[in-house]
Structure formats: structure tokens, C-alpha cells
Amino acid sequence: MKYRSVFDIIGPVMIGPSSSHTAGAARIGRVARSLFGREPKWANISLYGSFAKTYKGHGTDVAIVGGLLDFDTDDVRIINAIDIAKERGIKLRFIEEDAITDHPNTARVIIGDDKGELELVGISIGGGKIEVIELNGFELKLSGNHPAILVVHNDRFGAIASVANVLAKYEINIGHMEVARKEAGKLALMTIEVDQNIEDKILHELEQLTNILKVTKIVD
């Protein structure tokens, strides 16, 4: 395995004990919170593989909840995240799953309130890094380590090109892009990781495009 920096080996600045089981878990929760756009009222958290076997000892449970509360990996409040969530009236449920997944550090996070809900599957790949591999039934590959936008759109000719043209107009460089759809001609999801944060005015312009339904920003 090749490493691009020392932080790929020792992990980020974080509340321990494990970069995979704690820092990575916190980032999974925080990406879910970012995509949901607000603090949830309830959370059902399913843990698979190594996560399911060791989550209490390694603090995976408090880390994911800390992320849902929008705490960063080095926020000391993560230690008491479950108690803080309960004080805020957030109902938590942890489920130890027996199913075998492609990656041992896998979590399915379903959060919601009276306005809606979100389902996300994330994996912790080491060194505090993660990948989001599923969002509301769409398969995707999102690292959570770079600024990104998610674009829900109708699966129509020209939708992808129109988004790319707006980003090019504002000199936004695309580092990684994927498109997922459940069925041809129905809803689709663009996952676009970029090299710089995108201003809200650009998001608004994207939402005005034909066949674009919703644009959500994830800030690194």
C-alpha cells in the first residue's frame, strides 16, 4: 500500500483510541449530519463486522453520535456524545448486525425528524479516512475528505453537462465525479468532489438548471 502522507499512517488529530474505529466513525456521522442539514431527532445506527464486535471498547458508538452532533474528530465532547445527545432529546438505537459486508468497518446510519430522514452507509478505511458507499439507496463513492456537492437530478440528456459547465464558468476544478441511478430515466445522483469550497450563489445557480432537483454541499 502506498501512502501519500504521514497522516495516512498515524491518522488525524483526534479523540482516541483508534483512527479507524473512532476518528473514521466520527467522520461518517458528521457527513450524515452535513447531508441531513440539521440536527436529527432520532438515529438508528447499524454496525457491521469489526465495528459490531468492538464498538463499545473503541468508542465507535460515541464517535458516530459525536459526528451527528457536528463534533470534529478532535472535539473532547465526543467522549460524552451519547449523554449530550440524550440531553438534547435525540433518540438513539444501536444495532449489532451479523451480515457480512465487503469492508469490516461498516456502519449504516439512518437519521431523521418530523421533516424527513436520511440513510447513509459509510466505511472507515484507515487513518481516519472514510468512504460513503450508499446514500438513500444510491450507490456512490464519496471520501468525505474534500469539499463536495451532491446533485439529485432527473436522468435526462444534458443534465451532467449543464452542471459541469457552471462549475467550469466559476473555475471550480473537479477532482472526482460519479453518477448513480436506480433506474434509467428516473432519479439520479451526481457526486462531485472539488478542489475548493463552493459559494452558495453557485449552488443556487445549479439548482435553477433544467432537471436539477436538489444540490447539497459538503464542506471539508
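What share of the contacts in the chain with a separation of 6 or more comes from residues 24 or more positions apart?

1. Residues 24 or more positions apart account for 66% of those contacts, where contact means heavy atoms within 4.5 Å. The model is predicted, so local features need pLDDT of at least 70 and side-chain atom pairs count only at pLDDT 80 or more, whereas totals for chains, interfaces and linings use all residues. Residues are numbered from 1 along each chain as its sequence is written, and side-chain values use heavy atoms, with hydrogens and water left out.

2. The chain has 220 residues, of which 47% are buried; buried means under 20% relative accessible area, exposed over 50%, and partly exposed in between, with a 1.4 Å probe and protein chains only. About 11,400 Å² of the chain is exposed, and carbon and sulfur atoms supply 48% of that area. Accessible areas come from the Shrake-Rupley method with a 1.4 Å probe, and for residues only the protein chains shown count as cover.

3. Seven helices and 10 strands make up the secondary structure. Helices (H or I, at least four residues) and strands (E, at least two) are DSSP runs, numbered from the N terminus. Two strands pair if DSSP finds at least two bridges between them.

4. One open sheet contains six strands in the order 2-1-3-4-5-6, with mixed pairing. Its edge strands, each pairing on one side only, are strand 2 (91-96) and strand 6. From one strand to the next the twist averages 20 degrees. Strand 1 (residues 42-48) runs parallel to strand 2 and is joined to it by six bridges; L47 stands opposite E96 of strand 2.

5. Two helices lie across strands of this order. Helix 3 (residues 49-58) lies across strand 1, strand 2, strand 3 (105-113) and strand 4 (116-126), at about 110 degrees to strand 1. Helix 4 (residues 60-68) lies across strand 1, strand 2 and strand 3, at about 140 degrees to strand 1. Axes are lines fitted to C-alpha atoms, for helices over the stretch in contact, and angles run from 0 to 180 degrees between N-to-C directions.

6. Another open sheet has four strands, ordered 8-9-7-10 with antiparallel pairing. Strand 8 (174-181) and strand 10 (212-218) are the edge strands, each pairing on one side only. The twist averages 15 degrees from one strand to the next. Helix 6 (residues 159-169) packs on the sheet and touches strand 7, strand 8, strand 9 and strand 10; its direction makes about 25 degrees with that of strand 9. Helix 7 (residues 200-207) lies across strand 7 and strand 10, at about 160 degrees to strand 10.

7. Seven bridges join the antiparallel strands 7 (residues 148-154) and 9 (residues 187-194), and H153 stands opposite A188 in strand 9. Strand 8 and strand 9 form a hairpin with five residues between them, where G185 in the turn has a positive phi of about 85 degrees. E178 has T191 as its bridge partner in strand 9.

8. Most residues other than glycine have a negative phi. N136, not a glycine, has a positive phi of about 50 degrees; N136 lies in the loop between strand 5 (129-135) and strand 6 (138-142). E171 likewise has a positive phi, of about 55 degrees, and sits in the loop between helix 6 and strand 8.

9. R38 lies over the face of F36, at 4.1 Å from the ring centre, and K182 lies over the face of F138, at 4.8 Å. A charge sits over a ring if NZ of Lys or CZ of Arg is within 6 Å of the ring centre and within 35 degrees of the ring normal.
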